[in-house]
Amino acid sequence: MHTMARLRREVRRAFSAIAEHPQHEPPFPTGRGLAEDLGYPADMLDSLPAESVEAFCGVSNVSLFAEIPTGATVLDLGAGAGLDTLIASKRTGPKGKVIGIDFSKAMLARASRAVSEFKATNIGLRIAGAEELPVENASVDVAIVNGIFNLNPNRAGIFRELSRVVRPGGAVFAAELVLIAPLTLEESASSTNWFS
């Protein structure tokens with residue numbers, strides 16, 4: 001069984017390694033191939049900086065199916081390399097704002113390079129854990145979350161923070177990997193299984 005601190009270290013290490021060396025064999029699908037498999041259009045991916053596409057690690061195309069009104073303040077929780085952050089930036093437009101939060105410095109460094117290349121002026125990136133958001137109460141119109149709940153056992157803390165920062169009447173659009181059957185004892189004991 002994982003302790004919370006050990007799981008957090010392992011997850012941060014894995015995602016930071018992907019950010020720093022996306023060409024190396026990752027422990028799970030990543031990058032452009034994954035993004036296309038999840039329904040991001042190829043022409044859209046072509047229009048985004050490679051920095052954000054080649055280290056993509058999501059589980060869905062949440063930034064496409066989320067309802068993001070023009071001018072909205074959007075929170076991208078678990079922003080990673082910034083692919084969804086950049087898409088949300090285009091969708092909300094110059095009068096809107098996107099806050100991208102991730103707990104991996106390496107991922108945020110990659111996202112920062114992508115934001116700079118994209119010349120986006122409505123994006124702010126912040127390093128933080130999902131259960132302690134550096135965001136004001138009721139200041140977010142739309143939150144998007146692309147696959148972080150299985151990576152953080154403090155799910156109650158994440159939901160509490162989302163409830164705090166999303167304004168009344170705002171919306172959270174999330175996608176996640178979900179177990180459909182219990183893990184075997186062997187799977188539960190594995191240090192590489194983040195569901196254990």
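**Exercise 1. The enclosed space**

Determine how many cavities of 30 Å³ or more the structure holds, and describe the lining of the largest cavity.

*Solution.* Step 1: The structure, which is a predicted model, holds 1 cavity of 30 Å³ or more. Rolling a probe the size of a water molecule over the atoms shows where empty space is left.

Step 2: The volume of the largest cavity is about 430 Å³.

Step 3: Its lining is made up of 32 residues, and those nearest the centre are G78, A79, D102, I148 and L151.

Step 4: At least two lining residues come from each of helix 1 (4-20), strand 1 (73-77), helix 6 (83-92) and strand 2 (97-102). Helix 1 gives the most, with 4 residues.

Step 5: Sorted by class, the lining contains 19 nonpolar, 9 polar and 4 charged residues.

**Exercise 2. The nonpolar cores**

Identify the residues with the most contacts inside the largest nonpolar core, and state which elements give two or more residues to this core.

*Solution.* Step 1: The largest nonpolar core has 24 residues, and Y40, V74, L83 and I144 have the most contacts inside it.

Step 2: Two or more residues of this core come from each of helix 2 (31-37), helix 6, helix 7 (105-118) and strand 4 (140-146). Helix 6 gives the most, with 4 residues.

Step 3: Apart from this core lies another, of 17 residues, including L77, I99, V140 and V165.

Step 4: Consider I144 in detail. Leaving aside residues up to four places away in sequence, I144 touches V62, S63, A66, V74, L75, D76, L77, D84, A88 and F173.

**Exercise 3. Helix 6**

Decide whether helix 6 is mostly covered or mostly exposed, and describe the residue that follows helix 6.

*Solution.* Step 1: Of the 10 residues of helix 6, 8 are buried, and the helix is mostly covered.

Step 2: The buried residues of helix 6 are L83, D84, T85, L86, I87, A88, S89 and T92.

Step 3: After helix 6 comes G93, with a positive phi near 80°.

**Exercise 4. Aromatic pairs**

Find the aromatic pairs of the whole structure and classify the geometry of each.

*Solution.* Step 1: A search of the whole structure gives 2 aromatic pairs. A pair of aromatic rings is described by the distance of the centres and the angle of the planes.

Step 2: The rings of Y40 and F56 lie 5.3 Å apart, centre to centre, with 75° between the planes, and this pair is edge-to-face. The pair links distant parts of the chain, 16 residues apart: Y40 is in the loop between helix 2 and helix 3 (42-46), and F56 is in the loop between helix 4 (50-53) and helix 5 (62-65). Both Y40 and F56 are buried.

Step 3: The ring centres of F149 and F159 are 4.8 Å apart and their planes meet at 15°, so this pair is stacked. F149 lies in the loop between strand 4 and helix 8 (155-165), while F159, 10 residues apart from F149, belongs to helix 8. With a relative accessible area of 8%, F149 is buried.

**Exercise 5. Positive phi outside glycine**

Locate K119 and A138, give the phi of each, and classify their exposure.

*Solution.* Step 1: Most residues other than glycine have a negative phi.

Step 2: K119 has a positive phi near 60°, and its place is the loop between helix 7 and strand 3 (123-127). The relative accessibility of K119 is 68%, so K119 counts as exposed.

Step 3: A138 also is not a glycine, and its phi is positive, about 50°. A138 lies in the loop between strand 3 and strand 4. Its relative accessibility is 41%, so A138 counts as partly exposed.

Terms used
Residues numbered from 1 in each chain as written. Predicted model: local features only at pLDDT ≥ 70, side-chain atom pairs only at ≥ 80, totals over all residues. Heavy atoms only, no water. 1 Å grid on protein atoms, 1.4 Å probe; cavity = no way out; pocket = protein on both sides within 12 Å on 5 of 7 lines; lining within 4 Å. Points joined across faces, edges and corners; volume = space filled by probe spheres on them. Nonpolar A, V, L, I, M, F, W, Y, C, P; charged D, E, K, R; others polar. Core = buried A, V, L, I, M, F, W, Y, C linked by side-chain atoms within 4.5 Å. Buried < 20%, exposed > 50% of the residue type's maximum accessible area, 1.4 Å probe, protein only. Contact = heavy atoms within 4.5 Å. Phe/Tyr/Trp six-rings, centres within 6.5 Å; stacked < 30°, edge-to-face > 60°.
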